[in-house]
Amino acid sequence: MKFFRKTSVAVLLTALVVVLCCVWGYTRAYTSVQQQEETQSQRAGENNLNYFLRQFQDDARLFDLDTTDTLARSDLELNNTYGTMLALRTANYLNGQDIETYAKDYFAAQKLGRTDMLLVIEVSSRAWYLVYGPGLRSYADGNQALATLVRENLDDAFFDGESNQGILSLFEDLETWCKDNLPEVEPVVQSGIPSLQINDKVQVISLWDVFLNIIFTLLVNIWWIILLLVALNVVDRYRFQKYVERHLPDNGDEPTAPFHPILFWHRQGSRWYGRMLDLVMDLENETDEDEADQPADDAEPTDADQANDADKPADADQPTHP
C-alpha cells in the first residue's frame, strides 16, 4: 500500500516498535520477579530459612540444632515484619584480637544489610559485642534498652551451661524491642500498580517510569545513533553512485534496475532518491559540457586553416631563390 511507503509513516512505526519492545521488556522483568516470589511463598519460606541458618556460626558449640532452627525462624519473622535480623558468631578464642574490631570486620565480610545486627561471643573471656548497620543508628544510638537486654541474657548462667535458654530468651526480648522501636515493613501498593522488591528496595512500575527510562536510554545513546546514521548515509551515497553508473541508460531516463538502500527512507521514489539522482545527473551533464568545450589536440586541420596558413608571409630570415 502507498500509505506504508511514506517516510513519516515508516518513522512513526519504527518509534512505536521501539516503545513496545521497551514496555514488553519491563513487563517481562516484573513477571519474572513475581513468579519467583510466588514460588518462594509456596515453598513455605524454606529457602529463606536456610539463609538465616547460615548466619549462625557456632564454632564454640553453645547451641543445639533445635535451638538454631528456632533462632532461624525467629530471624525470618523479624526480617518479614521489621526488615532486620540478628546474626550470631561464637568462638572459644579470638587469638588475642580485639572483639570490637573482629565484630566489625566480620559484619562487613558477611555483607549484612543496613538494618541487620551481629552478635559476636567469645567464650574464653566471656565477652560479647553487638554490631548493627547504619540503618538502625537512629533507633539504637542512645537507646540503652538494646544493650541492656543483651547484657541481661548473656550473664554468667549463659556461659555456665544455660546457653540455649539464654539465647532463646535474648531473641524473645529482641522481638519486643523491635516491636517498641522499629516500624513494620509494609508492601507498597499504589492504585493496583505492581512493584518490584529488589535488594530491600521497592521500585514502583508505571507507564510514566517506562517512558522516562526510554527517553533516558535514547538520550544516553543519541550520539551513537547519530554517528551510525551518518555512516550509513555515506555508505548509501557511495552505493547509489555505483548503482547509477551501472544502471543509468544512455538516454538519461530512470535507472532500469531497482535500488536497495540500507536506510529504508532512501528507497526508490523517496525525496533522498530524487535529490541524489538529480545531483548525479547534473554532475554528468557538467562533465559532458566540459569535454565538449575542450578542442581535441589530434584533430585534422580544416580547409580554412590551410588557407590561412598559405596567406601568412614567409619569415624574413628564410632564404629566397632567384
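A residue counts as partly exposed when its relative accessible area falls between the 20% that bounds buried and the 50% above which it is exposed. E100, at 33%, sits in that middle band and is therefore partly exposed. The model discussed here is a predicted one, and E100 is a handy way into its charged pairs.

E100 makes a salt bridge with K104, with 3.0 Å between the closest N and O atoms. Both residues belong to helix α4, and because they are 4 residues apart there, about one helical turn separates them. K104 is partly exposed too, with a relative accessibility of 42%. A similar arrangement turns up in helix α10, where D236 bridges to R239 and the closest N and O atoms are 3.5 Å apart. Here the spacing is 3 residues, again about one helical turn. The two ends of this bridge sit in contrasting surroundings: D236 is buried, at 0% relative accessible area, while R239 is partly exposed at 32%.

In total, the structure has 6 salt bridges. Side chains of opposite charge can pair when their charged atoms come close. One of the bridges joins R89 to D59, with the closest N and O atoms 2.3 Å apart. R89 is in strand β2 and D59 is in the loop between β1 (56–58) and α3 (65–82), so this bridge ties together parts of the chain that are 30 residues apart in sequence. R89 is buried, at 12% relative accessible area, whereas D59 is partly exposed at 44%. Elsewhere, R126, D156 and D160 are connected through a network of salt bridges.

R89 also leads into the strands. Strand β2 covers residues 86–91 and pairs with β3 in the parallel sense, over 6 bridges, and R89 stands opposite V120 of β3. Helix α4, at residues 99–109, joins these two strands in a right-handed β-α-β unit. That places the E100–K104 bridge in the helix of the unit.

Strand β3 itself (residues 117–122) is mostly covered, with 6 of its 6 residues buried. M117, L119 and I121 point one way from the strand, while L118, V120 and E122 point the other way. Strand β3 has a second partner in strand β4 (residues 127–132), which runs antiparallel to β3 and is joined to it by 6 bridges. Across this pairing, I121 stands opposite W128. The hairpin of β3 and β4 has 4 residues between the strands, and R126 takes a positive phi near 55 degrees there. R126 is also the arginine of the network with D156 and D160.

Now for the aromatic side chains. A pair of aromatic rings is described by the distance of the centres and the angle of the planes. The model has 12 aromatic pairs. In one of them, Y51 and F52, the ring centres are 5.3 Å apart and the planes meet at 75 degrees, so the pair is edge-to-face. Y51 is partly exposed, with a relative accessible area of 34%, but F52 is buried at 3%.

F240 and F259 make another edge-to-face pair, with 5.3 Å from centre to centre and 90 degrees between the planes. This pair links distant parts of the chain, 19 residues apart: F240 is in helix α10 (residues 222–247) and F259 is in the loop between α10 and α11 (271–293). F240 is buried, with 0% relative accessibility, and F259 is buried as well, at 6%. Both phenylalanines belong to one aromatic cluster along with Y243, W272 and Y273.

Stepping back to the whole chain, the secondary structure comes to 12 helices and 6 strands. Of its 322 residues, 28% count as buried. Among contacts between residues at least 6 apart in sequence, 61% join residues at least 24 apart. The chain exposes about 22500 Å², and carbon and sulfur atoms supply 53% of that area.

Definitions and conventions:
Residues numbered from 1 in each chain as written. Predicted model: local features only at pLDDT ≥ 70, side-chain atom pairs only at ≥ 80, totals over all residues. Heavy atoms only, no water. Phe/Tyr/Trp six-rings, centres within 6.5 Å; stacked < 30°, edge-to-face > 60°. Buried < 20%, exposed > 50% of the residue type's maximum accessible area, 1.4 Å probe, protein only. Pairing = 2+ DSSP bridges. Right-handed = clockwise from strand over helix to strand, strands pointing away. Salt bridge = Lys/Arg side-chain N within 4 Å of Asp/Glu carboxyl O. Contact = heavy atoms within 4.5 Å. Areas by Shrake-Rupley, 256 points an atom, 1.4 Å probe, with all protein chains shown as cover.
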